[in-house]
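Student: Could you walk me through one part of this model, close up? I'd like to start from a single side chain and work outwards to whatever it touches.

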Amino acid sequence: MYLLYLDDAGSPGNAAETYFVLGGLCVFEAQVDWFSREIDKLGATYNAAAPEDIEFHASEVFSRRVPPWNKLSSDEARGTLKSVLQVVNNSYNTTCLFACAIDKKAFPGLDPVEMAFEDLCKRFDLFLSRLKSAGDTQRGMIILDKTTRETSLQKLSREFRKVGTQWGSLRNIADTPFFVDSRASRLVQIADHVAYSVFRRYNSGDAQYFDIIAHRFDAVDNVIHGLVHKHAERYACTCPACLSRRFATSRGEPANR
């Protein structure tokens, strides 16, 4: 089974932030242990006796307001963020990333959490369909941090399974999403860093974290399907997601929304 771990970055109700992001990584179930052990190695840097007690939460590392991150310099904190993302960069070839970055002002009256979740559900389903057509019949499961709108997204997921998304039915996702405590899941912590790197790229124009993992987003023939940028100026945007879609359209190929 393929597992898609998701977390969010940015707040839907914070007017000081332009973007909301939902994002994370897809791994095969047998690979979870490797990722967990790699993050535990990083945790040992801060607590050698109990590395599992160190939770890597990207915004807390970046802000350096709570222990153990408050003891780090700015450069050290940014190095820690990059070290977590390097685990993704150095991981299995089958690991791929998904994220949806939404310019909240471009969609007044719509819920960015539900928008992003619907989009990623369909992208994950299309990814699994592509694998199935190549002979890999594994199904998928979505796992999110418990702080991410658990009740509403479970309900939305059931509706998708019953009547489909606006882009069609979900055929390859095994069940409604599971919600877990990020402190108990290294993969959710990594998903948090993926989402935060995308958030920094779009909300602040800071691509130093995103660039480490940019090549890991699900893509086929140079068209990026795993990353979507939803905003009003997408036909003029030069980000990787928007450029790859325009390139596909210019060749007469489907750009997967």
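**From Asp40 outwards**

Tutor: Start with Asp40, which counts as partly exposed at 26% relative accessibility (buried is under 20%, exposed over 50%, partly exposed in between, with a 1.4 Å probe and protein chains only). Before we go on: this is a predicted model, where local features need pLDDT of at least 70, side-chain atom pairs count only at pLDDT 80 or more, and totals for chains, interfaces and linings use all residues. Residues are numbered from 1 along each chain as its sequence is written, and side-chain values use heavy atoms, leaving out hydrogens and water.

So what does Asp40 pair with? It forms a salt bridge with Arg186, and the closest N and O atoms are 2.9 Å apart (a salt bridge here is a Lys or Arg side-chain nitrogen within 4 Å of an Asp or Glu carboxyl oxygen). That pair ties together distant parts of the chain, since Asp40 sits in helix 1 and Arg186 in helix 6, 146 residues apart. Unlike Asp40, which is partly exposed, Arg186 is buried, at 7% relative accessibility.

Now zoom out to the two helices. Helix 1 covers residues 32–43 and helix 6 residues 186–203; their axes come within 9 Å and cross at roughly 75°. That makes the two helices roughly perpendicular (the range for that is 65 to 115 degrees; under 35 is roughly parallel, over 145 roughly antiparallel, the rest oblique). On the helix 1 side, Val32, Phe35, Ser36, Ile39 and Asp40 make the contact, meeting Arg186, Leu187, Gln189 and Ile190 of helix 6 (contact is heavy atoms within 4.5 Å).

Helix 1 has another salt bridge, between the side chains of Asp33 and Arg37, at 2.8 Å from N to O. Both residues lie in helix 1, 4 residues apart, about one turn of the helix. Asp33 is partly exposed at 46%, and Arg37 is partly exposed too, at 41%.

Helix 6 also packs against helix 3 (residues 74–89), with the axes 10 Å apart at an angle of about 110°. Helix 3 and helix 6 are therefore roughly perpendicular as well. Here Leu81, Val84, Leu85 and Val88 of helix 3 meet Ile190, His193, Val194 and Ser197 of helix 6. Ile190 shows up again: it is one of the helix 6 residues that meet helix 1, and it also meets helix 3.

Conventions. Axes are lines fitted to C-alpha atoms, for helices over the stretch in contact, and angles run from 0 to 180 degrees between N-to-C directions.
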